[in-house]
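Please look through the model below with an eye to its overall make-up first and to a single stretch of chain afterwards. The paragraphs that follow take the same route.

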Amino acid sequence: GHPALHHLSANSFLLHISLSFNMVAISKGAMVASQPPLATDEENLETDPFVNQSRKLNATPAASSSSSTGLGENPVFWLFMLFIASVTMTVGNKYVMKAWGDFANTLTLAQNGTAVLYLAISKHMGFLEMKPIDSQQWKVFAATAFFLTMQIFTSLKALPYVAIATVVVFRNMCTVIIAITDYCFFGNKFNRMQMASLGMTTVGMLVYAGQDINFDLVGYLWLVGNSVATIANTFWNKVFITKYTKELKIQTSYGVSLIQQLETLPIVFVLAAANNEGGAYTAYQPLDMAAKLTILATCAGGVLIGIAYPKCFSLLSGTSVVVASTANKAVSILIGMYLFGTRLSSMQVLGLSICIGGSLWYAMEGKRKK
């Protein structure tokens with residue numbers, strides 16, 4: 001995404017979404033518990049957002065009140081909001097990049113800037129808890145900001161060249177590499193079912209990539225770069241964000257996210273200047289209304305997905321949210337095929353199904369293990 005993406009990525013916020021999430025997401029499988037809120041890419045958001053925090057920490061003021069009623073506590077409503085945000089970040093970013101593809105960094109400035117405004121205003125209004133920010137925190141999370149920027153940038157650059165399904169497959173493969181690295185260097189143990197699910201994900205990825213009728217070397221190289229940034233960000237966050245938010249309790253996840261998002265802005269600005277994106281507004285003006293509205297929607301979507309994920313986790317079981325997230329990816333792939341005329345061979349569909357199924361199985365086994 002939001003989409004660490006799944007941008008607030010995608011991902012951002014977390015990156016995460018991102019995206020974070022996203023893409024954080026940016027949070028999601030082995031990457032879910034590694035990063036803090038709000039990504040500009042839906043996929044990154046799965047590795048990114050507030051997903052790794054406790055329900056108490058993630059709950060909004062409304063959620064923490066037992067007397068709250070209505071849509072604010074309706075799980076169906078929040079699953080729908082998660083669906084809207086997820087599809088917006090995944091499909092929306094691709095749509096924008098096909099129309100405005102020379103200005104990936106300008107788009108990231110707009111999305112991350114929106115995230116910073118949301119976090120800063122929410123902190124000022126007392127909606128989000130943040131502890132004092134000192135110079136050491138700025139130094140520690142500068143590396144995360146760099147990785148996050150690279151996640152979002154490479155994801156956006158890849159989107160015009162590859163199918164959304166290809167992005168999903170690469171992100172699932174990141175889960176496998178992260179799990180293997182976790183096992184080899186961090187002593188994390190896996191049961192047989194988890195190992196089988198990782199093997200299934202790998203087989204699905206190999207089948208899909210080996211039969212990719214839409215193969216584009218440039219797109220694949222950008223996704224390789226995105227994978228490297230995602231994996232590096234995951235383990236940097238595994239060490240430092242866990243230390244700062246859970247062990248030492250020096251900063252909350254919201255404070256970490258604000259630091260990261262702010263630190264991405266000068267990095268992205270330099271990238272925009274190096275890429276001669278000074279003509280972004282001139283190129284923006286002749287865009288059709290659909291493209292202009294989609295740009296705005298992705299800015300709002302990054303924030304929404306960072307709110308919807310933790311809300312869903314506070315109202316539903318973790319397994320239910322993982323299943324919903326997987327369903328959202330499937331729908332995004334179908335919508336992408338319709339909007340962009342993407343065609344997949346029968347072997348690609350088989351590989352994609354195996355890959356997504358393995359990733360879902362791994363995530364559910366991880367929940368069961370806990």
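Which pattern does the chain follow when it is read along the sequence? In this predicted model, the pattern is α-α-α-α-α-α-α-α-α-α-α-α-α-α, and the chain accordingly has 14 helices and 0 strands. Of the 370 residues in the chain, 55% are buried, while the accessible surface of the chain comes to about 14700 Å², with 67% of that area belonging to carbon and sulfur atoms.

Helix α8, which covers residues 192-210, offers a check on its own geometry: at 1.5 Å a residue its 19 residues should span 27 Å, and because its end C-alpha atoms are 27 Å apart, the expectation and the model agree. Within α8, the residues Q194, S197, L198, T201, G204, M205 and Y208 are buried; they cover an arc of only 125° around the axis, and therefore lie on the same side of α8. The face turned away from that buried side carries the exposed residues R192, M195, L206 and G210. At the start of α8, a side-chain oxygen of N191 reaches to within 3.1 Å of the backbone nitrogen of M193.

One of the buried residues of α8, Y208, leads on to another helix, for the side chains of T166 and Y208 are joined by a polar contact of 2.7 Å. T166 has its place in helix α7, residues 164-185, and with a relative accessible area of 1% T166 counts as buried, because that value is under 20%. Leaving aside neighbours within four places in sequence, T166 is in contact with D212, Y220 and L223 as well as with Y208.

Note on methods. Residues numbered from 1 in each chain as written. Predicted model: local features only at pLDDT ≥ 70, side-chain atom pairs only at ≥ 80, totals over all residues. Heavy atoms only, no water. Helix = DSSP H or I, 4+ residues; strand = E, 2+ residues; numbered from the N terminus. Expected span 1.5 Å × (residues − 1). Buried < 20%, exposed > 50% of the residue type's maximum accessible area, 1.4 Å probe, protein only. Arc of directions from axis to C-beta. Polar contact = N/O pair within 3.5 Å; in protein donor to acceptor, adjacent residues only side chain to side chain. Contact = heavy atoms within 4.5 Å. Areas by Shrake-Rupley, 256 points an atom, 1.4 Å probe, with all protein chains shown as cover.
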